[in-house]
Amino acid sequence: MHAARQAACRGNYLASGHAHCCQGSTSFSRIDTYSAAMRYSATLRKMRGLSWLAKRYYSEQIFPKITTHYSIVPRETDPRWKDVNMERFGDEADVLIVGGGPAGMSAAIRLKQLAQQNSKELRVCLVEKSAEIGGHILSGACVDPVALNELIPDWKDKGAPLNTPVTTDRFSILTETSRIPVPILPGFPLRNHGNYVVRLGHVVRWLGEQAEALGVEMYPGYAASEVLYHEDGSVKGVATNDVGIAKDGSPKDNFERGMELLAKCTIFAEGCHGHLAKQLFQKFSLREKCEPQTYGIGLKELWEVDPSKHRPGTVEHTVGWPLDAHTYGGSFLYHLNEPTPMIAVGFAIGLDYSNPYISPFREFQKFKHHPSVKPIFEGGKRIAYGARALNEGGFQSIPKLTFPGGCLVGCSAGFLNVPKIKGTHNAMKSGMLAAESAFEALTDENSKSETLGLEPKSYEDKIRNSWVWSELKSIRNVRPSFHNPFGLYGGLLYSGITMLIRGKEPWTLSHGDPDHKRLKPASECKPIEYPKPDGVISFDLLTSVALTGTNHEGDQPPHLTLKDDTVPVKRNLAVFNGPEQRFCPAGVYEFVPLEDTSGQRLQINAQNCIHCKTCDIKDPSQNINWVVPEGGGGPAYNGM
Amino acid sequence: MNPFDEIAVEEAVRLKEKKIAQEIVAVSCGPAQSQETLRTALAMGVDRGIHVEVSGPEYDTLQPIHVSKILAKLAQDEKADIVIVGKQAIDDDSNQTAQMTAALLDWPQATFASKIEKQNGELQVTREIDGGLETIKVKLPAVVSADLRLNEPRYATLPNIMKAKKKPIKKVSPKDLGVDTAARIEVLSVEDPPTRQAGVILPDVDQLIVKLKEGGHVQ
């Protein structure tokens, strides 16, 4: 009953005059008792006009209520929350870092190093939503150690898990039956000499140990869910998520309010398409002068293969099949040097694809069956699976990086080098530069901040003067060059040229429309017939999701929130044939038939979510807003 | 933390809140990461922790008998009145530690507890058994093992985790307690269950009888 009332209110502002007509007690001042306010029929009787409209357009039967999260259904006017104590405990640090990935960890470590060098006391806190440090990290990954060499020069002695130096580097174009090798000339960013294949989750875990040894307070299992502001509008910190809210949005017996973590400077290192960064972009208009970010989705598996086929240090990349010439993407296959003969294999697809029938997961499974790729998996065993969105916007999409009270580092800002297929080194360097800048802001007695929250103003200049900027600038035209009539082939040709001349051409190509606007209606596109998984080399989605180890507390509001519960069926399904059921790499979104009428509804299996953020990016209606679930939930990647 | 142990810790904290217990000590046997588990327990309301450090190959072969001996020794040293544990660990599903600890201490045991009450210096415990619920009375000191429906554990909130950093954790080794951790059980093999064979649809009962006879299931 609450549901239909909600839906009715949202759609019928005319009839009611104000948005929260029947939720709160404002229009029913005579009704004192809690239960009376709850009685749906009493409410409807009083609003006769509304009732007719409610039944006509927003019958709960056709559009069942999906979203119960308090970011969409506010608690301030929800009668169930009337007597709940919403006070929060607070604690203050000097610097708070949101997110424990390479960028966040580098910032934490650098801050403590600077504090030690300058004999200053600095309280540095880091929050991370994953239950264990490294648990939500997923990357190829072939890492350029340049940033690590600067941060911790003796990383080898300290046991950093960079065990696989790259020995062989191959790049090929695949067709349905063959493989065409492409030479990697010296000077190409794709050349991996001097780099290491790593399991980034383990590297981050090691970075976490280094940070802890330096005295950083780390709190894994706690998700930052809300940005807190001073009265002057500057960021004062974050609040962690509340726990103990039931699936329908009501408080449970063990409801506990989150905690306020305050800091003089807050560094946001949430990774690609962070949900708090999304709010900061809006609040501080950080994206006014840059292009919208463009993204890709990367899926990855770890395999233990037949030792005779294992060549540690081999790095292979392909483009082409199974994608068509107008869909950007490609594969990676890295041989790791681990105690068991392990390889990391994966596939990335640009989220600017236009055919709503594309399923990135199934393209990945199809790729593994290519005649030149299949042999390596024969006799092997898949041991892990995961997926994550990644930034492809590069130079053109770098936003303003600082704001009163903090700054953005790593993939939250977006420093991934697409042709080099590397972002970790830039993320780490940005973390280090932000730390240096924050340290200056904190310790410089002469600088007077206009706001209570300190803005690390020198950070943006430091980035511009660093190799991060010059590197991204030199390859800025590679990714956008793929938007040409010849698709992949035009892009490869242009990319070859621009990389040879190190991006010295005077123009900067634009990415064009943001990813979510790129989908064509389903009626204009051809459905794709994907081969059935054979269970040996390719697998079905749900078996794969089980391997991620993902889990969430079942009794909590779904964290994939919809701004409007009716849009998935009314628009996404009707116009685009429900692309969310295909682009989600964890099977969260399903269109299931309604019980008694012929029609469908969206079912959200929030427990499957692996926090990849693709849905928030690619939803053509931008109706899905990913918010953070209870901390500790999500995938449990081990060295992905 | 093992979910059943979480329930046990929650019950201990509730006993303290009801003033039935005075002090709660949490014990964890394992490598350095066990300290994190102890911090969660401390954040839930436990007073102090004891970390029995067991790592590397010694940890790989740590078995319920060793844990029971460790808990028994600590219970005696700490002069505990109640030893409360989860009924089983979700990695090995052994369901042995509570029972063996009680035997070593020669204390009564109340396993699979779904309700615990104190009456006249004794514990009245409702146990979940196959046939339903059984209520028993045990004299103190006793060993109790927690089952799923005993309670719903509270969240370890971040402020409590921060406060827990100040609570003491004592580190000891099995040798200090006089416990020999040499393996008593050897794992011979671990296998996946056999893959499910596809079913066959038969047209009629006669065919079914033929198939059953062929398979040797029927004479």
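**Entry 1. R382(A) and its partners**

I looked up R382(A) and found its side chain joined to that of E301(A) by a polar contact of 2.9 Å. The model is a predicted one, and I read each distance below as computed from it. A second polar contact, of 3.0 Å, runs from the side chain of R382(A) to the side chain of S544(A).

I then placed R382(A) in the fold: the residue belongs to strand β18 of chain A, which covers residues 381-391. Is R382(A) buried or exposed? I noted a relative accessible area of 10%. Buried means under 20%, so R382(A) is buried.

I also listed what surrounds this arginine, setting aside neighbours within four places in sequence. R382(A) is in contact with E301(A), L302(A) and W303(A), and also with F539(A), T543(A), S544(A) and L547(A). Both polar-contact partners, E301(A) and S544(A), appear in that list.

**Entry 2. Salt bridges within chain A**

Over all chains I recorded 41 salt bridges in the structure. One that I examined pairs R88(A) with E226(A), with 3.2 Å between the closest N and O atoms. This pair links distant parts of the chain, 138 residues apart. I located R88(A) in the loop between α5 (48-57) and β1 (90-98) of chain A, and E226(A) in strand β9 (residues 224-229). R88(A) is buried at a relative accessible area of 19%, whereas E226(A) is partly exposed at 32%.

**Entry 3. Salt bridges within chain B**

I turned to chain B and examined R154(B), which forms a salt bridge with E10(B); their closest N and O atoms are 2.8 Å apart. The two residues stand 144 residues apart and link distant parts of the chain. R154(B) sits in the loop between β7 (142-146) and α6 (158-164) of chain B, and E10(B) in helix α1 (residues 3-17). I noted a relative accessible area of 2% for E10(B), which is buried, and 24% for R154(B), which is partly exposed.

Which residues are linked with E10(B) in a network of salt bridges? I found R14(B), E17(B) and R154(B) linked with E10(B) in that network.

I next checked K87(B), which forms a salt bridge with D147(B) at 3.1 Å between the closest N and O atoms. K87(B) lies in the loop between β3 (82-86) and α5 (97-105) of chain B, while D147(B) lies in the loop between β7 and α6, so the bridge ties together parts 60 residues apart in sequence. K87(B) and D147(B) are both buried.

**Entry 4. The interface of chain A and chain B**

I closed with the contact of the two chains, to which chain A contributes 17 residues and chain B eleven residues. The chains bury about 1,200 Å² between them, and 65% of this falls on carbon and sulfur atoms. Which three residues supply the most of the area that chain A buries against chain B? I found Y219(A), Y222(A) and N254(A), which supply 43% of it.

Across this interface I found zero salt bridges, but three residue pairs in polar contact, with both residues at pLDDT 80 or more. On the side of chain A that touches chain B, the elements giving two or more residues are β8 (217-220), β11 (243-245) and β12 (251-256). Of these, β12(A) gives the most, with three residues. By class, I recorded eight nonpolar, three polar and six charged residues on the side of chain A that touches chain B.

Terms used. Residues are numbered from 1 along each chain as its sequence is written. Chains are lettered from A and ligands numbered from 1 in the order in which they are written. This is a predicted model: local features need pLDDT of at least 70, side-chain atom pairs count only at pLDDT 80 or more; totals for chains, interfaces and linings use all residues. Side-chain values use heavy atoms; hydrogens and water are left out. Contact means heavy atoms within 4.5 Å. Buried area is the accessible area (1.4 Å probe) that two parts lose on being put together, summed over both. A salt bridge is a side-chain nitrogen of Lys or Arg within 4 Å of a carboxyl oxygen of Asp or Glu. A polar contact is a pair of N or O atoms within 3.5 Å; within protein, one must be able to donate a hydrogen and the other to accept it, and residues adjacent in sequence count only if both atoms are side-chain atoms. Helices (H or I, at least four residues) and strands (E, at least two) are DSSP runs, numbered from the N terminus. Ala, Val, Leu, Ile, Met, Phe, Trp, Tyr, Cys and Pro count as nonpolar, Asp, Glu, Lys and Arg as charged, and the others, Gly among them, as polar. Buried means under 20% relative accessible area, exposed over 50%, partly exposed in between (1.4 Å probe, protein chains only).
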